[in-house]
Amino acid sequence: MPAAMPVPASAPMGLCALLAAVADRHPARIAFVDQASKPDWCGRPAIAWTFAAAREIVARLAEGLQQLRLPPRSPVGLCMAGMAEAHLAFLAIEQAGHVPCLLPVTWDEDRLLQAVESAQILAILTQGVLGAERPAETMCRVAMRYFPLRFVAAFGPHVPDGVLSLDQVVLDHRGDAAALGTGPAAGLVTFALPGAGSAGPSSEPAGAPVAVRREAEALTAAAAGCLAPMRVEPGDRILSLMPPSDLKGLATGLAAALLAGATLECHPVFEAGTLSAALDQPVPTHLVAPAWMEAGFARTTVAGRLRTLAYVHRAPCRLSGRLPGRAGVVDILAFDETALLCGRRDAQDVGLVLAAPERAALAPERAALAPERVAPIPDRTADRAGLIQLRRDPDGRLSFRGAACTARMLHRGITREENQDGWIPSRFRPSLFAGVATAVAEV
């Protein structure tokens, strides 16, 4: 059996501590809201979960996971669409003392097998139905091809024989909700796909996924870096169109919402009517969307109904096609699974920062961190200048350093220490014109 992942020198608290902190002070505040059309594509009801209810369900799921008797800090896969159950499952894996490994539910069986082998995953939580797909059945086939994968569990309907029903786990276990978030968090694993760009909703590249390991503190710091320009306040709503299966989806979604004490509503299946109805709800809303949707949103009234409209780019990408932004437009640029560079379309625009990295430290913003949070990161990381630093090396390549981009490559359960001086080199360089970055290209 693969060895459990090593314990860091200082084991920080994770997202469960944030959930518990908000639940203690605002138990009736809404934590998670499902897309209204959810029953149509997964056969499960759309539910709005309060922070108190979410804490209870996470405790029950965590108790069920602990009954599997996996070694502490075991890698546990999570392969689900962006719905409330996915958020609850991520938190339950953390609370059970294991390492969530985020597997995109859109990947085929071969790519999932590559990822499972890379992280040496011992158990997977998934769902029975996603449209015409049957993720739980796919995971059973992956388990047949990778012997160390011991357990597959799924939310129903259509849970195959031999797969643990997570709905039954919730019913059969009670858990200790009061203890939620009191222990150390084991961090997480995401998977990079070198060569993936964001020019449009194109197919993913053919390369094997690269496992990237980060501690809980680095995830929380990345989320704080996104909250700074987005200016999310406690009780606001983050409405995300991003899948919660990588750093950019998690840091702008679940982690950001818990850190700000905000409501998270995910729409994994894009439906114009459903989205429009959701935006009509009378609550301050921050929409997070893939950058390729900008041209379409520009032809609608969506921007006028929002506090913030955040467009997420994935390097390599073009920046020259961005439209002149009104107040409240934010760009979030993801560099593989290493770093997120965020900025409002003003003096801290990402095009200006990429052209002159020293701008990132000139006018630091403070993230709107919920006053009820339990601080799992040093106070300095509320200041964006302390979260991420970047530089252009002599060959034009970008490198990153800081609490928000502390990540390590993972190969068959072993982390690789590749940056001795704290700087993490990337495979990207900005293309400059008239003092502004118009694109980010591969070196």
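The exercises below, each with a worked solution, deal with a predicted model.

**Exercise 1. Strand β6 and its partners**

Find which strands are joined to β6, and decide whether β6 is largely enclosed or not.

Solution.
Step 1. Start with strand β5, residues 123-127: five bridges join β5 to β6, and the two strands run parallel. In this pairing, Gln-127 stands opposite Phe-155 of β6.
Step 2. Follow the chain between these strands. From β5 the chain passes through helix α6, residues 135-145, to reach β6, and this β-α-β crossover is right-handed.
Step 3. Turn to strand β7, residues 164-165. Two bridges join β7 to β6, again with the strands running parallel. Here Ala-154 stands opposite Ser-165 in β7.
Step 4. Consider burial. Strand β6 covers residues 151-155, and four of its five residues are buried, so β6 is largely enclosed by the rest of the structure.

**Exercise 2. Two residues of helix α4**

Decide whether His-87 and Phe-90 are buried or exposed, and list what each one touches.

Solution.
Step 1. Place the residues. His-87 is found in helix α4, which spans residues 84-95, and Phe-90 belongs to helix α4 as well.
Step 2. Apply the cut-off for burial, which is under 20% relative accessible area. His-87 has a relative accessibility of 4%, so His-87 counts as buried. Phe-90 has 3%, so Phe-90 counts as buried too.
Step 3. List the contacts, leaving aside neighbours within four places in sequence. For His-87 they are Phe-32, Leu-254, Leu-264 and Cys-266. For Phe-90 they are Leu-15, Leu-78, Pro-100, Leu-102, Leu-188, Leu-219, Leu-250 and Leu-254.
Step 4. Check one of these contacts. Phe-90 and Leu-102 are 12 residues apart along the chain, and their C-alpha atoms are separated by 8.8 Å.

**Exercise 3. The nonpolar cores**

Name the residues that touch the most other members of the largest nonpolar core, and describe another core.

Solution.
Step 1. Recall the general tendency: in soluble globular proteins, nonpolar side chains tend to be buried together.
Step 2. The largest nonpolar core has 82 residues, and those touching the most other members are Leu-15, Phe-32, Leu-61, Phe-90, Leu-125 and Ile-332.
Step 3. Another core, of 27 residues, lies apart from the largest one; among its members are Leu-103, Ala-119, Val-142 and Leu-149.

**Exercise 4. Aromatic rings**

Work out which class the ring pair of Phe-335 and Phe-400 belongs to, and where the two residues sit.

Solution.
Step 1. A search of the whole structure finds three aromatic pairs.
Step 2. In the pair of Phe-335 and Phe-400, the ring centres are 4.8 Å apart and the planes stand at 50°, so the pair is tilted.
Step 3. Phe-335 lies in strand β15, residues 329-335, and Phe-400 in strand β18, residues 398-401; the pair thus links distant parts of the chain, 65 residues apart. Both Phe-335 and Phe-400 are buried.
Step 4. Ring pairs join Phe-335, Phe-400 and Phe-428 into a cluster.

**Exercise 5. The sheet around β18**

State the strand order of the sheet that contains β18, and explain why β17 and β21 are edge strands.

Solution.
Step 1. The sheet is open, with three strands in the order β17-β18-β21 and antiparallel pairing.
Step 2. β17 (389-392) and β21 (424-425) each have a single partner strand, so one side of each is left without a neighbour in the sheet.
Step 3. Two bridges join β18 to β21, and the bridge partner of Phe-400 in β21 is Ile-424.

Technical notes: Residues are numbered from 1 along each chain as its sequence is written. This is a predicted model: local features need pLDDT of at least 70, side-chain atom pairs count only at pLDDT 80 or more; totals for chains, interfaces and linings use all residues. Side-chain values use heavy atoms; hydrogens and water are left out. Buried means under 20% relative accessible area, exposed over 50%, partly exposed in between (1.4 Å probe, protein chains only). Two strands pair if DSSP finds at least two bridges between them. A crossover is right-handed if, with the strands pointing away from the viewer, the path from the first strand over the helix to the second runs clockwise. Rings of Phe, Tyr and Trp (its six-membered ring) pair if their centres lie within 6.5 Å; planes under 30 degrees apart count as stacked, over 60 as edge-to-face and the rest as tilted. A nonpolar core is a set of buried Ala, Val, Leu, Ile, Met, Phe, Trp, Tyr and Cys residues joined through side-chain atoms within 4.5 Å. Contact means heavy atoms within 4.5 Å.
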